[in-house]
Amino acid sequence: MDKKIFSLALNGKKKEMAISRVYAIGYAGRDKKKTMDHIKELEEIGVPRPIEIPTLYPLSLNNVTQNKVIEVVGDKTSGEAEIVIIFGGRTDEIYVTVGSDHTDRELEATDIHKSKQVCQKPFATKAWNLKDVIQHWDLLELSSDIYINHRWIPYQKDKISSILSLEDIMKFLERKGVPLANSIFFSGTVPLKCGFKYGEQFRMTITDPIHKRNILMEYTIKNLLGSVQT
């Protein structure tokens, strides 16, 4: 099986991780009403309702990246801050960081899975051991900002208690029968503040209020069509 090597900074030490599978968990809200609100947001841009809630999307290994620039086609793509769970080759190698389920919103109206496949999925180079945050999991917070017209605009901010609990995520993955070892899971996002927006840059943060620390990643969105004369 193909593998891709990523580097993580864990407690100040560098660790190489071999990853062979990537998945995104969609519609992972813990509050069913808020999940339906998100589905309605998507319906407003033409995205059909999912058949299953939550939904598991297998993604291309080639699309996951730690680069600070991603390339897209078109001007209707956007990121979403996600809690990312990374499983190593051993059962005690489970790490948590922040990533972005960057998605083509125009294509999403036609085919959700394809809309996720055509965009790279950035995630941070720093991570925490799951064992260090599991006792206060619901207090972790996700936030994001989007850069539009030369200024940063708050885009998301909420505790991950708005996402499926870690226990429910693990039960869901067990039910789907997916292998955990050497896998990355983009495991859910928090609500948008005021609907979808499209910008030139995106930054996302996961905050641990108990240990007073955070992980931040910022990336630039390069529209390949923007450099082509029409």
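**Exercise 1. The largest pocket**

Determine how much space lies in the largest pocket of this predicted model, and which residues and elements line that pocket.

*Solution.*
Step 1. The largest pocket holds about 340 Å³ of space.
Step 2. There are 25 residues in its lining, and those closest to the centre are Tyr-27, Ala-28, Gly-29, His-38 and Thr-189.
Step 3. Two or more lining residues come from each of the elements β3 (21-26), α1 (32-44), α2 (105-108), α3 (112-117) and β15 (183-189).
Step 4. The greatest contribution is that of α1, which supplies six residues.
Step 5. By character, the lining residues divide into nine nonpolar, seven polar and nine charged.

**Exercise 2. The surroundings of strand β13**

Decide whether strand β13 is largely enclosed by the rest of the structure or not, and state which of its residues point each way.

*Solution.*
Step 1. A residue counts as buried when its relative accessible area is under 20%.
Step 2. Strand β13 covers residues 141-148, and eight of the eight are buried, so the strand is largely enclosed by the rest of the structure.
Step 3. In a regular strand, side chains alternate between the two faces of the sheet.
Step 4. In β13, one direction is taken by Glu-141, Ser-143, Asp-145 and Tyr-147. The other direction is taken by Leu-142, Ser-144, Ile-146 and Ile-148, and the residues pointing either way are all buried.

**Exercise 3. The partners of β13 and the sheet**

Identify the strands that bridges join to β13, and place β13 in the order of its sheet.

*Solution.*
Step 1. Strand β14 (residues 151-159) is joined to β13 by eight bridges, and the two run antiparallel.
Step 2. Within this pairing, Tyr-147 has Trp-152 of β14 as its bridge partner, while Ile-148 stands opposite Arg-151.
Step 3. The two strands form a hairpin with two residues between them, and Asn-149 in the turn has a positive phi of about 50°.
Step 4. Strand β16 (residues 201-208) is also antiparallel to β13, with seven bridges joining them. Here Ser-143 stands opposite Thr-205.
Step 5. The open sheet has five strands in the order β6-β17-β16-β13-β14, and its pairing is mixed.
Step 6. Its edge strands are β6 (69-72) and β14, each of which pairs on one side only.
Step 7. On average, neighbouring strands of this sheet are turned by 20° against each other, direction ignored.

**Exercise 4. Aromatic pairs**

State how many aromatic pairs the structure holds, then classify the pair of Phe-87 and Phe-185 and that of Phe-202 and Tyr-219.

*Solution.*
Step 1. The structure holds six aromatic pairs.
Step 2. Planes under 30 degrees apart count as stacked, over 60 as edge-to-face, and the rest as tilted.
Step 3. The ring centres of Phe-87 and Phe-185 lie 5.7 Å apart with the planes at 90°, so this pair is edge-to-face.
Step 4. The pair links distant parts of the chain, since Phe-87 belongs to strand β8 (residues 81-87) and Phe-185 to strand β15, 98 residues apart.
Step 5. Phe-87 counts as buried at 5% relative accessibility, and Phe-185 counts as buried at 0%.
Step 6. Phe-202 and Tyr-219 form a tilted pair, with 5.7 Å centre to centre and 50° between the planes.
Step 7. This pair links Phe-202 in strand β16 with Tyr-219 in strand β17 (residues 213-223), 17 residues apart. Both Phe-202 and Tyr-219 are buried.
Step 8. Finally, ring pairs link Phe-87 and Phe-185 with Tyr-23 into a cluster.

How values were computed
Residues numbered from 1 in each chain as written. Predicted model: local features only at pLDDT ≥ 70, side-chain atom pairs only at ≥ 80, totals over all residues. Heavy atoms only, no water. 1 Å grid on protein atoms, 1.4 Å probe; cavity = no way out; pocket = protein on both sides within 12 Å on 5 of 7 lines; lining within 4 Å. Points joined across faces, edges and corners; volume = space filled by probe spheres on them. Helix = DSSP H or I, 4+ residues; strand = E, 2+ residues; numbered from the N terminus. Nonpolar A, V, L, I, M, F, W, Y, C, P; charged D, E, K, R; others polar. Buried < 20%, exposed > 50% of the residue type's maximum accessible area, 1.4 Å probe, protein only. Pairing = 2+ DSSP bridges. Axes fitted to C-alpha atoms, helices over the stretch in contact; angles between N-to-C directions. Phe/Tyr/Trp six-rings, centres within 6.5 Å; stacked < 30°, edge-to-face > 60°.
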